[in-house]
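Let's take a friendly tour of a protein model. Have a look at the sequence and the 3D view first, and then we will walk through the parts together.

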Amino acid sequence: RTVAMSVSHSSRLNKLVREQYMRLPQGGLVQVTYVWIDGSGEGVRCKSRTLDKEPKSIEDVPEWNFDGSSTAQAEGSNSDMFLVPVCMFRDPFCLDPNKLVLCEVLKYNRKPAETNLRHTCKKVMDLVKDSHPWFGMEQEYTLLGVNGHPYGWPDNGFPGPQGPYYCGVGADKVYGRDIVESHYKACLYAGVKICGTNAEVMPSQWEFQVGPCEGIEMGDHLWMARFILHRVCEDFGVVATLDPKPMTGNWNGAGCHTNYSTEEMRKEGGLKHIEAAIEKLSKRHDYHICVYDPRGGRDNSRRLTGHHETSNIFEFSAGVANRGASIRIPRQVGQDGFGYFEDRRPAANCDPYAVTEAIMRTTVLNETGVETKEYAEH
């Protein structure tokens, strides 16, 4: 009864009937779904159009537009926004030769929309490209029924305390694995650089990892992985939330831990470069907290309490194998003397463009303080 009540109506439509139509040939035409970030900085939107041949590169996908007044990105009196294609993937929902295309949003005057954080990230990544920054981001999320209650939790009350759920197996320990495995396969098909997944500490909470990605590719691939997650959840009739603390009380929050290295950190003796980068980050904690969630740190203040495997939002800390620190150096890296480190502060609903840009500004461009520097087109 709980399951029947908490899934959406459209998920109960007959999917076999849909399959009959999905198998119809397309006559050489191609469906392209344009995906973009809306005015909330967290939501994704999409719409589709027909092209008369399969695009082989992003340059083959034409610019498009949409009504920004309906996505909190423009006023009704001047509502057209430009969709500029930036990254193309295979479409796991409509299959080859159809495409998913991630887009930047520009305003009527061709300036980036307020929530288009890719624009400055790309500028910064072009500046630092010789350092070959690699990123891997660990996206935690929570499955909810359409009633807003965690999927699979009792209607009235709570499941047993945390402990058996992390990387758990069994119907009494994990909820929604079908969604997780479908998302994984869909990402692999699409060409998203997904590299793993696991059940998390809170029941109905999961994580997937994307990476290693170099530079701007990190944001592109994580945003498309998020779009695919929401789209898969729609088919199953449940909701994925990236809220950093979906349940108050003695439950883990949700983060987006960010693993990072430059070429010199990955080489023999790289630990000294890792430690130098952490030292720079320690002097700019407030700036990073501000950009690590969409609300200037307010979302993260619910999560970064110093409990439930988090650091305290007001203090910077770093340590080897310490999951209660702001920055964790993996034990293996400490032993090898080179590798990468993990910034555990970004919230689950962070913008990966903002996070990766901030890390580069501080550790490679040597910015200090809370102000960011303007750079000319590179």
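Which residues of the largest nonpolar core touch the most other members? They are Tyr-141, Leu-143, Met-224, Ile-228 and Phe-341, in a core of 71 residues. A nonpolar core here is a set of buried Ala, Val, Leu, Ile, Met, Phe, Trp, Tyr and Cys residues joined through side-chain atoms within 4.5 Å, where buried means under 20% relative accessible area (1.4 Å probe, protein chains only).

This is a predicted model: local features need pLDDT of at least 70, side-chain atom pairs count only at pLDDT 80 or more, and totals for chains, interfaces and linings use all residues. Residues are numbered from 1 along each chain as its sequence is written, and side-chain values use heavy atoms, leaving out hydrogens and water.

The two domains, whose bounds come from an automatic or database domain assignment, are listed here with their residue ranges and their residues in contact (heavy atoms within 4.5 Å).

| Domain | Residues | In contact with the other domain |
|---|---|---|
| domain 1 | 9-115 | 21 residues |
| domain 2 | 125-364 | 23 residues |

The C-alpha centres of domain 1 and domain 2 lie 26 Å apart.

Now back to Ile-228. Setting aside neighbours within four places in sequence, Ile-228 has contacts that include Pro-92, Phe-93, His-183 and Val-192. Apart from the largest core lies another one of 14 residues, among them Trp-36 and Trp-64. In general, nonpolar side chains tend to be buried together in soluble globular proteins.

Note on methods
Buried means under 20% relative accessible area, exposed over 50%, partly exposed in between (1.4 Å probe, protein chains only).
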